[in-house]
Amino acid sequence: MADAQESQSFTGRCLCGACAYRYEGPVLSVIHCHCTLCRKAAGAPFTTWITVPKAGLSWTQGTPRLHRSSSHAERAFCPSCGSPLTFHTDKYPEEIDITLGTLDEPERFPATANCFTGSRLSWVKADLHLPDYPADPDHKDR
Ligand SMILES: [Zn+2]
Ligand SMILES: [Zn+2]
């Protein structure tokens with residue numbers, strides 16, 4: 001993974017293409033989240049997030065719909081196809097998490113840790129060599 005201070009740029013889009021984005025700036029982290037909220041929101045065993053400063057993200061197409069998924073956080077998804085796109089918490093207003101799977105080139109950003117591993121499904125064997133954190137290593141309650 002690239003140096004955290006190094007400026008990166010990437011683009012991404014939802015499944016149908018109604019929502020598309022561009023990001024430029026540093027990448028703060030790439031983490032598999034095994035929490036139960038992410039599991040429901042994505043409909044997948046776990047969700048991989050790329051966390052970046054919010055200021056560097058711009059929507060080049062469409063406007064995602066927001067869903068307040070807990071008292072302090074909201075998730076954005078495409079109103080047409082439902083693809084989960086971002087997670088944002090009031091506790092860290094300067095940051096935003098983007099679903100790695102919506103990047104055009106997700107191969108570029110391998111995950112470096114697992115978080116909320118207390119909720120990890122027992123049969124998920126992905127990236128078990130990475131560090132495990134019972135919560136989020138940085139902060140976030142989902
Ligand atoms: Zn869409
Ligand atoms: Zn989560």
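Begin by selecting β3 together with strand β10 (residues 113–115), where three bridges join the two strands in a parallel arrangement. Everything on this tour belongs to a predicted model, and this pair is a good place to get oriented. Within the pair, colour Cys33 and look across to β10, where Cys115 stands opposite it.

Keep β3 selected and turn to its other partner, β4, with which β3 pairs in the antiparallel sense over five bridges. Here the residue to pick is Ser29, since Thr51 of β4 stands opposite to it.

Is β3 enclosed or open to the outside? Five of its five residues are buried, so β3 is largely enclosed by the rest of the structure. If you show its side chains, you can follow this on both faces, with Ser29, Ile31 and Cys33 buried on one side, and Val30 and His32 buried on the other. In a regular strand, side chains alternate between the two faces of the sheet.

Next, display the largest nonpolar core, which has 25 residues, and highlight Cys33, Trp49, Ile50 and Leu85, the members that touch the most others. The elements that each contribute two or more residues to this core are β2 (20–26), β3 (29–33), β4 (47–53), β7 (73–77), β8 (84–89) and β9 (95–99).

Centre the view on Trp49 and ask which residues it is in contact with, leaving aside neighbours within four places in sequence. They are Ile31, Cys33, Phe87, Asp97, Ile98, Thr99 and Leu100.

Now move to strand β6 (residues 65–70), which is hardly covered, as the count of buried residues among its six residues is zero. A hairpin of two residues leads from β6 to β7, and the two strands run antiparallel, joined by five bridges. Select Ser70 in this pair, and you will find Ala73 of β7 standing opposite.

From there, select β1, β2 and β5, which form an open sheet of three strands in the order β1-β2-β5, with antiparallel pairing. The edges are held by β1 (7–13) and β5 (57–61), each of which has a single partner strand, so one side of each is left without a neighbour in the sheet. On average, and with direction ignored, neighbouring strands of this sheet are turned by 20° against each other. Looking closer at β1 and β2, you can trace seven bridges in the antiparallel sense, and among the residues to label there is Phe10, whose bridge partner in β2 is Tyr23.

For a last local stop, select Pro110, which lies in the loop between β9 and β10. Is Pro110 buried or exposed? With 12 C-beta neighbours inside 10 Å, Pro110 counts as exposed. Drawing a distance from its C-alpha atom to that of Gly62, which is 48 residues away along the chain, gives a separation of 27 Å.

Finally, zoom out to the whole protein chain, which contains one helix and eleven strands, following the pattern β-β-β-α-β-β-β-β-β-β-β-β when read along the sequence. Its radius of gyration is 14 Å, close to the 14 Å that the globule rule gives for 142 residues, so the chain is as compact as a globular protein of that length. The C-alpha trace spans about 40 × 30 × 25 Å along its principal axes, and 31% of the 142 residues count as buried. Among contacts between residues at least 6 apart in sequence, 56% join residues at least 24 apart.

Methods: Residues numbered from 1 in each chain as written. Chains lettered and ligands numbered in written order. Predicted model: local features only at pLDDT ≥ 70, side-chain atom pairs only at ≥ 80, totals over all residues. Core = buried A, V, L, I, M, F, W, Y, C linked by C-beta atoms within 7 Å. Buried ≥ 20, exposed ≤ 12 C-beta atoms within 10 Å, placed from the backbone. Helix = DSSP H or I, 4+ residues; strand = E, 2+ residues; numbered from the N terminus. Contact = placed C-beta atoms within 7 Å. Rg over C-alpha atoms; globule rule 2.2 N^0.38 Å. Pairing = 2+ DSSP bridges. Axes fitted to C-alpha atoms, helices over the stretch in contact; angles between N-to-C directions.
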